[in-house]
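Open the model in your viewer and keep the selection panel at hand. The tour moves from the ligand to the strands, then out to the domains.

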Amino acid sequence: MIERVLISELAGREDGPVSVSGWVEKVRDQRYVQFVVLRDESGQAVQLVNGGVVRELDPNSEDPKDPARFERTTAISEVATGSFVTVSGELQHNERVKLGGVEIQIDEFNVITKADPDTPVQPDSGIDVRLDWRFLDLRRPEQALIFKVQTTFLHALRQVWIDRGFIEVQTPKLMASASESRAELFSLEYFDTTAYLAQSPQLFKQMAQAAGFGGIFEVGPAFRADPSFTSRHATEFTSIDCEFSWIDSHEDVMQLHEELIVAGFTAVKEKHGAEIEKLFGITVEVPSTPFPRIPLAEAKEIVKERGYEVPRADADMDPEGERQIHAYVKEKYGHDFVFLTDYATSIRPFYHMRHADNNELTCSYDLIYRGTEISTGAQREHRIEVLEEQVKEKGMDPAELKFYLDFFRHGVPPHGGFGMGLARVLMLMLEQASIREVTYLFRGPTRLLP
Ligand code: AMO
């Protein structure tokens, strides 16, 4: 048995016997020769050639190759695209072959699993059809690349955290209370009570500070009962979270955040930059630090001067405002990232710390990348008396939050952290139209399958 070789490794090998396996992408069945394009998990494809075409068995032939060639020819003629096959043959370098400069002369062609000849997804299928048949859509090399990029990005972030001694945690996704606001909350029957799906690991990541863990991180699911159909909202998404102790202000959180982004983008550029350029026609830009920082109130003024007024003075930046501030930052600093800081208390959750000299402003920020919010971070209020006040002020029930407030009754260091939507980062980095393209299996208001 010849050892299986990945298609991406063929160009670097000497001519000779090889075995490859993958799925059939295309068959050109000509009278005297058959061509098969085979792709595998490396994302690359290779041309297989069957020169020994035998269409009919000659009853008078004594050629012992006849039946084998006949079987091979028939198998190739009948194989539907998408079928998984194992092939062995002779690797030959041939400059005239556009696909990688090599081809394989087939000796054996074994169909492992046949595909249905009616392929439900075509190259021009819309996103909904592609999501219905996500596993077939994911066979496109662009799609596989997205998930390789994701793997590299997360690995680089993890490395930064690990180098700093952060601990990885998995917080529960079944909760007895809301973690953000009561809006956008999924509830479910939980024996004889009601449980809620975690909107964020927020409350539990702060518990790690009370536990004396120092720095922690989590990459895990978050759920929002958000009925919107925009390109950046999902009902379930992967949240990248971290939280760490002994900070002086939200500035410390922003500095770690920048460091993580730079590490992630650098790793992606080094490992996949050339392939991203080839498949998506874009260059990954590693941002310079520090990222520009603009207080929200000032950002609104800047946007207003550019002719756009955020509809409500006390509101968060809306999507158009985010696009406008990005345009400004790009023009002025040539930067794709901007931290909008010091959000008004009225639009921030109860757990954000407020400015010592101004109760109306929080020690918080949003990170905007190419005009879309990818992250929220803050210093948290760690003083129990202040926290209890803030809970009441927001009209929340301290009894429901008792488990959380208890974290602060037995000593806790000053701390802060952020949450970042993985899909939003990837969508913007790879210039994809929607987070649907970069989410393994998207969940939205009308999508629970597959
Ligand atoms: P926030 O609610 O801003 O903050 O969420 C943090 C980030 O999560 C992503 N995100 C989403 N992605 C896809 N679909 C959604 N429906 C969705 N909602 C949010 C965004 C967003 O910036 N606990 C705080 C974070 C913190 O302070 O640590 C929080 O959850 O990229």
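How many residues surround the ligand, and which are the closest? Select the shell: 22 residues surround the ligand in this predicted model. Label S200, Q202, T376, G419 and G421, which are the closest.

Now colour the shell by element. Three strands each give two or more residues to the shell around the ligand: β11 (236-245), β17 (372-379) and β18 (415-421). Which element supplies the largest share of the shell? Select β17: 6 residues of the shell come from this strand.

Recolour the shell by residue class. The shell around the ligand holds 10 polar residues, with 6 nonpolar and 6 charged.

Leave the ligand and go to strand β5, residues 102-113. Add strand β3, residues 45-50. β3 and β5 pair in the parallel sense, over 3 bridges. Pick Q47 and look across to β5: E103 stands opposite.

Next, add strand β4, residues 84-93. In which sense do β4 and β5 run, and how many bridges join them? The two run antiparallel, joined by 10 bridges. To see one of the partners, select V85 and then V111 in β5.

Zoom out for the last stop. Colour 7-113 as domain 1 and 129-437 as domain 2. Place a centre on each domain, using C-alpha atoms: the separation is 49 Å.

How values were computed. Residues numbered from 1 in each chain as written. Predicted model: local features only at pLDDT ≥ 70, side-chain atom pairs only at ≥ 80, totals over all residues. Near = placed C-beta within 6 Å. Helix = DSSP H or I, 4+ residues; strand = E, 2+ residues; numbered from the N terminus. Nonpolar A, V, L, I, M, F, W, Y, C, P; charged D, E, K, R; others polar. Pairing = 2+ DSSP bridges. Domains from an automatic or database assignment.
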